[in-house]
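Grab a pencil and open the viewer: here are some exercises to work through at your own pace. Try each task before you read its solution.

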Amino acid sequence: MITNKISLLVGGEAGAGITRSGFLFAKTCLRGGLYVFGANDYQSLIRGGHNFYTVRADREMVYSQADTVDLLLALNKETILFHKDELVSGAGVIYDGDQISITDEELGRGDIKLYPVPLRSIVKELEGPQIMENTVALGAAIALLDYELELLDSVLRDTFSPKTAEQNMEAAKQGYDYTREHYGNSFGYRLKKTVSAGKKRIFLTGNEAIGLGAINAGCKLYAAYPMTPATSILHFLAPLDRQHKMVVIQTENEIAAVNMVAGASYAGVRSMTATSGGGFCLMSEGLGMTGMTETSPVIVLVQRPGPSTGLPTYTAQGDLRFAIHASQGEFPRVVIAPGNVEESFCMTIEAFNLAEKFQIPALIISDKYLAESHGTAEPFDQSRIGIDRGKLITETEYTGEGEYKRHKFTEDGISPRAIPGTKGAIVRTNADEHNELGYTTEDPVLTTKMTDKRFKKLDALNKELENYETVKFYGPAKADATIIGWGSTKGPIREAMKILGKEGITVNYLQIVYLHPFPADKVQRILQSAKKTIVVENNKTSMLSSLIRERLLTTVDHKILKYDGRPFNPEALSQSIKEVL
Amino acid sequence: MVTLDDLKTPKTNTWCPGCGNFGILMAFKKALIELGIEREEAVLVSGIGCHGKMVNYVNINGFHGIHGRVLPLAQGIKLANPELKVVGFAGDADQYNEGWGHFAHAARTNIDMTLIVHDNMVLGLTTGQATSTSQQGFKSKSTPFGVIPPMLNPVAHALVSDGTFVARGFSGDMFHLKNLIVEAIKHRGFAFIDVFQPCVTFNYLNTYDWFRQRVYKLEDEGHDVTDRKKALEKALEWGDRIPIGIFYNKERPTYYDNLPHLKDAPLTKVPTENVDVTSTLNEMM
């Protein structure tokens with residue numbers, strides 16, 4: 001009997017409430033005191049197709065989904081056929097036996113426990129909508145796992161209106177009772193409330209964490225155009241704008257969004273936009289304008305596979321170079337890649353601080369896997385990072401020496417920043433090259449000086465970043481190999497380390513969090529003592545390897561690359577690592 | 001009170017002698033003075049083109065942005081701080097070609113700002129190509145055999161996009177234009193003025209004389225500015241007689257009016273510090 005360690009997959013057609021069901025089960029586990037990771041997989045369509053959501057719950061911290069499935073909730077037959085090879089020996093399958101017939105022959109194996117439950121007739125009896133079948137299946141899963149129905153009920157109560165919750169609780173109970181009665185304790189997996197039950201952990205997506213970080217950082221204007229997988233930031237922030245006195249606006253396109261946040265930043269308001277690769281293409285010109293005008297919006301780039309439309313609802317890390325180099329000309333920027341939900345929260349706040357302090361655009365680069373997967377975290381510490389608005393002049397009147405100059409030359413390149421409306425200050429900026437007052441210039445000396453001024457800020461930024469956790473290091477100092485990665489590969493890498501550790505193979509892991517400016521010294525120091533280096537990335541050309549080569553003149557020993565739109569699975573990744581060791 | 005002297009800048013003007021932009025520049029300055037708007041209260045946003053240099057010639061807050069993006073940039077500024085008077089200046093290619101995608105949306109979104117388009121029906125700064133308001137048959141460097149499609153009608157488009165203030169001026173009639181700008185800035189909502197602005201170097205067709213022979217003032221003919229259908233009828237007039245003046249002026253709630261949570265303070269005055277997200281965190285447990 002395996003207790004408090006489960007990988008569950010719920011699958012079915014789009015529109016059948018797959019993600020919601022998976023989420024409800026995940027929350028049920030969370031409230032029972034387990035750590036949970038939830039990942040969705042869906043296609044770019046509204047009805048039909050095949051969607052699934054995997055939930056992995058454990059009494060220890062889980063960083064990613066698992067390779068295999070212990071319990072399958074199949075809302076159609078395709079789900080069974082699609083995932084049969086992922087099932088572990090002794091895995092269970094809950095499905096509607098009245099609607100679906102499945103044979104060992106079709107499964108191609110005889111080691112699976114089939115648990116037919118009359119989902120549809122239970123729902124019919126309750127006169128509920130068909131979508132409630134998945135709640136019946138959830139009740140059945142709770143019964144098979146010998147878990148507490150009350151945990152699911154509490155989640156249902158917090159998710160639905162009282163009437164709908166009531167109906168769903170009844171559906172879950174019917175599924176639970178039927179399964180108890182027919183299958184008793186026949187399943188080899190069990191969930192039990194742990195001592196952590198009632199401990200208040202949070203369960204959220206990377207995008208939600210970025211949204212929370214933005215609110216906490218005092219972002220007051222969010223402008224965006226919907227694009228998967230960035231859209232859920234817009235969905236998250238829109239209903240919260242009144243509570244936090246923000247403007248959340250859906251613009252006509254991404255070009256409008258980036259210009260709007262630039263305008264808001266100029267006017268003195270912290271502002272943010274988010275998009276995916278295609279939208280970021282449209283934002284490139286505006287990004288350069290923020291560099292030139294020294295305005296400081298935060299831009300979130302949530303990657304999906306490209307080029308062009310690519311796989312709109314899947315994951316990739318193919319835009320790293322694009323984020324670092326987008327837009328014509330040369331200007332300083334910061335590019336930050338969080339690797340989990342907690343980092344998504346914290347680094348969004350850091351992005352706002354750095355953007356304003358150095359008067360540069362700050363880019364957060366994430367991807368679909370991080371953005372839309374749910375992870376467990378302790379409630380975020382909201383006061384740890386604090387707000388730093390740099391040289392912002394907050395007085396209502398400018399009292400500095402002489403005429404106010406928005407682009408004044410200073411030692412560190414950063415000019416005191418008045419906002420329009422400040423008495424005694426005319427705030428002028430310019431996408432054309434300009435003088436200190438913001439007037440257009442084509443003078444060669446001034447052009448050089450202004451360019452140098454902007455790049456002095458990069459020196460200052462580099463200095464500031466020495467005190468930031470620009471890289472993170474996990475595992476023992478001495479190891480058989482050093483894994484190097486950035487962004488969302490963090491989860492699968494940390495899981496793979498656990499797997500390898502159990503087999504006596506020690507690897508450590510360097511996560512590069514700040515990709516630009518590149519933390520060359522810190523990376524160098526770690527790589528110097530690495531026995532063997534392995535870059536793990538969700539792209540074809542290993543952009544991180546090229547970046548390391550460019551910055552450190554070092555060639556990494558091995559690259560493990562995946563570019564099929566899917567995240568790494570920990571078992572498979574650990575196998576790949578073993579192969580190159 | 002702000003004076004013409006206060007609005008002067010140290011920059012040497014580089015528009016061609018006789019450029020229609022001079023009339024717009026002076027009309028705008030006079031409008032600011034007439035309205036008693038302090039230099040710190042107003043923001044001038046401009047795009048790319050000859051008009052874009054406005055930011056160099058008026059000593060008020062300014063943001064010289066990129067080609068075609070005056071509207072979202074200005075909207076961002078206004079949303080951040082509705083206490084500012086935001087006036088966007090664009091060119092015809094800037095707004096009606098590169099930035100056309102923003103135009104209808106600005107009209108319907110109705111963020112309180114003014115857009116003044118320097119419409120010389122040609123691309124000036126890139127030395128003479130056709131724009132979407134160049135007349136059919138207009139020969140230019142890019143259209144040596146004449147412009148093929150008919151010209152775009154921005155005034156009509158503003159009207160059908162639910163613009164709340166739609167006007168047309170002529171830079172050859174500076175006082176009339178000044179009055180239009182005064183009314184546009186006073187208007188609560190998105191105010192749009194298309195300004196005939198002869199390009200003395202690249203538009204040999206639509207000259208001062210050409211316009212003078214054709215333009216007439218709507219107000220002289222008793223036009224009812226609250227009648228949208230009539231306004232559209234007038235907007236479609238083109239040929240020997242071309243109307244200028246206010247086509248339509250009828251306020252409706254602005255975008256900001258629909259944000260009740262911001263009634264007390266603009267975004268710039270909402271504290272950035274100590275924003276508490278605990279209630280949302282609690283929902284995630």
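The exercises below go from the contact between two chains to a helix pair and then to two sheets. Keep in mind that this is a predicted model.

**Exercise 1. Where chain A meets chain B**

Task: Find how many residues of chain A are in contact with chain B, and which elements of chain A supply them.

Solution:
- Step 1: Start with the count. On chain A, 56 residues are in contact with 47 residues of chain B.
- Step 2: Look for the elements behind that side. β9 (202–205), α8 (206–216), α10 (254–266), α11 (277–293) and β17 (428–430) of chain A each give at least two residues to it.
- Step 3: Pick out the top contributor. That's α10(A), with nine residues, the largest share of the side of chain A that touches chain B.
- Step 4: Sort this side of chain A by class. You get 28 nonpolar, 16 polar and twelve charged residues.

**Exercise 2. A strand pair across the chains**

Task: Work out in which sense β17(A) pairs with β2 of chain B, and over how many bridges.

Solution:
- Step 1: Go to residues 61–64 of chain B, which make up strand β2.
- Step 2: Follow the pairing. β17(A) and β2(B) run in the parallel sense and share three bridges.
- Step 3: Zoom in on one partner pair: Thr429(A) is bridged to Phe63(B) in β2(B).

**Exercise 3. Two helices side by side**

Task: Decide whether α1(A) is roughly parallel or roughly antiparallel to α5(A).

Solution:
- Step 1: Locate the helices. In chain A, α1 covers residues 18–31 and α5 covers residues 133–144.
- Step 2: Check the axes. They come within 10 Å and cross at roughly 30°.
- Step 3: Apply the cut-off. Angles under 35 degrees count as roughly parallel, so α1(A) is roughly parallel to α5(A).
- Step 4: Note the hand: α1(A) passes α5(A) in a right-handed crossing.
- Step 5: List who meets whom. Ser21(A), Leu24(A) and Phe25(A) from α1(A) meet Asn134(A), Leu138(A) and Ala141(A) from α5(A). By class, the contact has four nonpolar, two polar and no charged residues.

**Exercise 4. The seven-stranded sheet**

Task: Which strands stand at the edges of the open sheet of seven strands in chain A?

Solution:
- Step 1: Write down the order, β11-β10-β12-β13-β15-β14-β21 in chain A, with mixed pairing.
- Step 2: Find the edges. β11 (247–250) and β21 (514–516) of chain A each have a single partner strand, so one side of each has no neighbour in the sheet.
- Step 3: Add the twist: neighbouring strands are turned by 20° against each other on average, direction ignored.
- Step 4: Look at the β11(A) edge. β10(A), residues 221–224, runs parallel to β11(A) and is joined to it by four bridges. Tyr222(A) stands opposite Val248(A) there.
- Step 5: See which helices lie across the strands. α10(A), met in Exercise 1, lies across β10, β12 and β13 of chain A, at about 165° to β12(A). α13(A), residues 341–358, lies across β13, β14 and β15 of chain A, at about 160° to β15(A).

**Exercise 5. The five-stranded sheet**

Task: Which strands are at the edges of the open sheet of five strands in chain A?

Solution:
- Step 1: The order is β18-β20-β19-β22-β23 in chain A, and the pairing is mixed.
- Step 2: β18 (471–474) and β23 (558–561) of chain A are the edge strands, each pairing on one side only.
- Step 3: Inside the sheet, β19(A) and β20(A) pair in the parallel sense over five bridges, with Ile483(A) bridged to Tyr509(A).

Notes
Residues are numbered from 1 along each chain as its sequence is written. Chains are lettered from A and ligands numbered from 1 in the order in which they are written. This is a predicted model: local features need pLDDT of at least 70, side-chain atom pairs count only at pLDDT 80 or more; totals for chains, interfaces and linings use all residues. Two residues are in contact if their C-beta atoms, placed from the backbone, lie within 7 Å. Ala, Val, Leu, Ile, Met, Phe, Trp, Tyr, Cys and Pro count as nonpolar, Asp, Glu, Lys and Arg as charged, and the others, Gly among them, as polar. Two strands pair if DSSP finds at least two bridges between them. Axes are lines fitted to C-alpha atoms, for helices over the stretch in contact, and angles run from 0 to 180 degrees between N-to-C directions. Angles under 35 degrees count as roughly parallel, over 145 as roughly antiparallel, 65 to 115 as roughly perpendicular and the rest as oblique. A crossing is left-handed if the near helix is turned anticlockwise from the far one by less than a right angle, and right-handed if clockwise.
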